[in-house]
Amino acid sequence: MDKDREFLKSSVVQDIDDIDDDGDDDDDDDGDDYVDDADQNAISHMERTKIEFQLDKIFDKKEMSSKEWEETIKLMSRVNPFVSARTCDAITMKKCLREENYSLATSYMEHLQRQGCEPNLSTLGNYLQLCGRRVDQCGEDRVLELYRKLMRQVKVLDVRLAKNVILSLTATREWRKALDHLFQLRKMVTSLEDVYSAIITAAFRAGEYELGWQYLADLREQNQIPLDSVFLEWVKQCEVAESKADREAMVLTLLRKLESHEMYPSVDVMREITQLFRDGLG
């Protein structure tokens, strides 16, 4: 009997040891897997950060060869799963637009031309908007040429293209064409601070003051606030007014509009108004 008890005891102890050993091994395996996964994630994060840093430097350049563009697109596809042969053009141009890098965007358009490819509508629309934003570099004629090219390719503009068109046309002498596109755009979307502001700014720049204030009133009726560019352009118009009396009248108009439409200018706008009082009205 004692021998049986001893055998049973030794068997149970061995079973417990086996369980502990298995448990330890399993824990070690799980730990190793966890460490491996963590290392893999860390490497992936580090690689992503490195690539994004490379891309930031790339999109600061002024131009690139076709080979460099092809390598850049491959690099972009490693951090953005949406980048493909079909989508890379629009994504690349949107990146150029975001960086406001007209020279590099033009380099990409030249790359497409060398490849015998026509830019799709999204790419062309973003490039058009960038040209409008950098009209001092490309010239009004280039903006209008691209606008006509876009309009030959599409009969009805969607929301994105309509905004591209308005934000580019308002930088040119044919800014009034943007009014027709705004009429159509208002049927599709309600948030229009950017396009209204571009039109108001263009009207002020062209000396069409009443028209500009009319569109500002329309925007305020929709409970939307114009961008700083509107007020900064008005301050510029005040600065170039012929006489001190004209400048005073224009500043008074601005202050009354701010009050009547319950608009509160930003720090940047207030700084320019203060400067105007100091230099132009003092």
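Glutamate 262, just after helix 13, takes a positive phi of about 55°. This is a predicted model, where local features need pLDDT of at least 70, side-chain atom pairs count only at pLDDT 80 or more, and totals for chains, interfaces and linings use all residues. Residues are numbered from 1 along each chain as its sequence is written, and side-chain values use heavy atoms, leaving out hydrogens and water.

**Helix 13**
- Helix 13 spans residues 244-260; helices here are DSSP runs (H or I, at least four residues), numbered from the N terminus.
- Its buried residues (under 20% relative accessible area, 1.4 Å probe, protein chains only) are Arg247, Met250, Val251, Leu254 and Leu258.
- These cover an arc of only 100° around the axis, by the directions from the helix axis to the C-beta atoms, which puts them on the same side of helix 13.
- Turned away from that side are the exposed residues (over 50%) Ala245, Arg256, Glu259 and Ser260.

**Aromatic rings**
- The structure holds 9 aromatic pairs, meaning rings of Phe, Tyr and Trp (its six-membered ring) with centres within 6.5 Å; planes under 30 degrees apart count as stacked, over 60 as edge-to-face and the rest as tilted.
- Phenylalanine 204 and tyrosine 209 have ring centres 6.4 Å apart and planes at 65°, so they are edge-to-face.
- Phenylalanine 204 and tryptophan 213 have centres 4.9 Å apart and planes at 55°, so this pair is tilted.
- Phenylalanine 204 is buried at 0% relative accessibility, and tryptophan 213 is buried at 5%.
- One aromatic cluster is formed by Phe204, Tyr209, Trp213 and Trp234.

Terms used. Helix = DSSP H or I, 4+ residues; strand = E, 2+ residues; numbered from the N terminus. Expected span 1.5 Å × (residues − 1).
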